[in-house]
Amino acid sequence: MEQNRGIIFNIQHFSIHDGPGIRTTVFLKGCPLRCPWCSNPESQRANPEKMLDAVTKKETITGEEKTVTEIIDDVLKDVDFYEESGGGLTLSGGEIFAQFEFAKAILKAAKEVGLHTAIETTAFVEHEKFVDLIQYVDFIYTDLKHYNTLKHKKVILSIILCKHSSKVAEC
Ligand code: SF4
């Protein structure tokens with residue numbers, strides 16, 4: 001079932017490292033993994049959450065609900081840049097497959113208005129969903145967390161299995 005709204009935590013215009021050309025990167029919230037080196041830890045939880053700015057000591061909310069239409073309208077503001085540079089829309093996260101139906105709806109809508117689409121993903125998802133979504137994708141970034149399967153599971157997945165434990169380091 002197509003999902004027309006979901007949770008994002010940022011829309012970054014004029015991205016030049018997230019695929020070809022000048023792009024707008026939409027960051028979806030939620031990730032099933034817990035990489036110790038995560039550069040966007042505020043993306044991991046699925047729902048909006050309160051954050052404390054370490055410098056200003058002010059509370060902010062990370063994450064907000066958006067519709068597919070709101071996102072596409074925002075992305076289309078830079079269409080002239082995409083046409084000049086060969087850019088477009090990039091979906092990132094978090095892990096985009098954590099909001100599979102929402103991610104698919106955004107990409108499908110982007111293709112309907114002629115945008116070039118890219119995704120950044122761990123590919124941590126069932127094969128069928130991966131194949132289903134990439135029919136709307138022109139360019140894929142995926143990352144190998146660790147080349148050794150056992151170490152990969154120990155570092156990334158043991159933290160998931162033990163996320164409710166107060167003794168994560170012992171898992
Ligand atoms: S997969 Fe990406 S977003 Fe998720 S925990 Fe790892 S680095 Fe962070």
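**Note on a predicted protein model**

1. Burial comes first. Of the 171 residues in the protein, 41% are buried. Keep in mind that this is a predicted model. Every value below is computed from that model.

2. Next, the elements. The protein has 5 helices and 8 strands. Reading from the N terminus, the order is β-β-β-β-β-α-α-β-α-β-α-β-α. The chain thus opens with a run of β elements, followed by α-α. From there the order goes on as β-α-β-α-β-α.

3. Overall size. The C-alpha trace spans about 50 × 40 × 30 Å along the principal axes of the protein. Is the radius of gyration what a compact globule of 171 residues would have, or what else does it suggest? A compact globule with 171 residues would have a radius of gyration near 16 Å, and the protein has 17 Å, so the two agree.

4. Contacts along the chain. Take the contacts in the protein with a separation of 6 or more. Residues 24 or more positions apart account for 61% of them.

5. Surface. The accessible surface of the protein comes to about 10,100 Å². Carbon and sulfur atoms hold 54% of that surface.

6. Charge. The side chains include 20 positive and 25 negative ones. The centres of these two sets lie 10 Å apart.

7. A cis peptide bond. Look at the step from Gly 93 to Gly 94: this peptide bond is cis. Its omega is near 15°. Gly 94 sits in the loop that links strand 6 (88–92) and helix 3 (100–112).

8. Positive phi in a strand. Phe 14 is not a glycine, yet its phi is positive, at about 55°. Phe 14 belongs to strand 1, which covers residues 5–15. Is Phe 14 buried or exposed? Phe 14 counts as partly exposed because its relative accessible area is 47%, and partly exposed covers the range between under 20% (buried) and over 50% (exposed).

9. Positive phi in a loop. Ala 123 is another residue to inspect: its phi is near 60°, a positive value in a residue other than glycine. Where is Ala 123 placed? Ala 123 lies in the loop between strand 7 (116–121) and helix 4 (127–134). With a relative accessible area of 33%, Ala 123 is partly exposed.

Technical notes
Residues numbered from 1 in each chain as written. Predicted model: local features only at pLDDT ≥ 70, side-chain atom pairs only at ≥ 80, totals over all residues. Heavy atoms only, no water. Helix = DSSP H or I, 4+ residues; strand = E, 2+ residues; numbered from the N terminus. Rg over C-alpha atoms; globule rule 2.2 N^0.38 Å. Buried < 20%, exposed > 50% of the residue type's maximum accessible area, 1.4 Å probe, protein only. Contact = heavy atoms within 4.5 Å. Areas by Shrake-Rupley, 256 points an atom, 1.4 Å probe, with all protein chains shown as cover. Lys, Arg positive; Asp, Glu negative; His and termini not counted. Charge placed at Lys NZ, Arg CZ, Asp CG, Glu CD.
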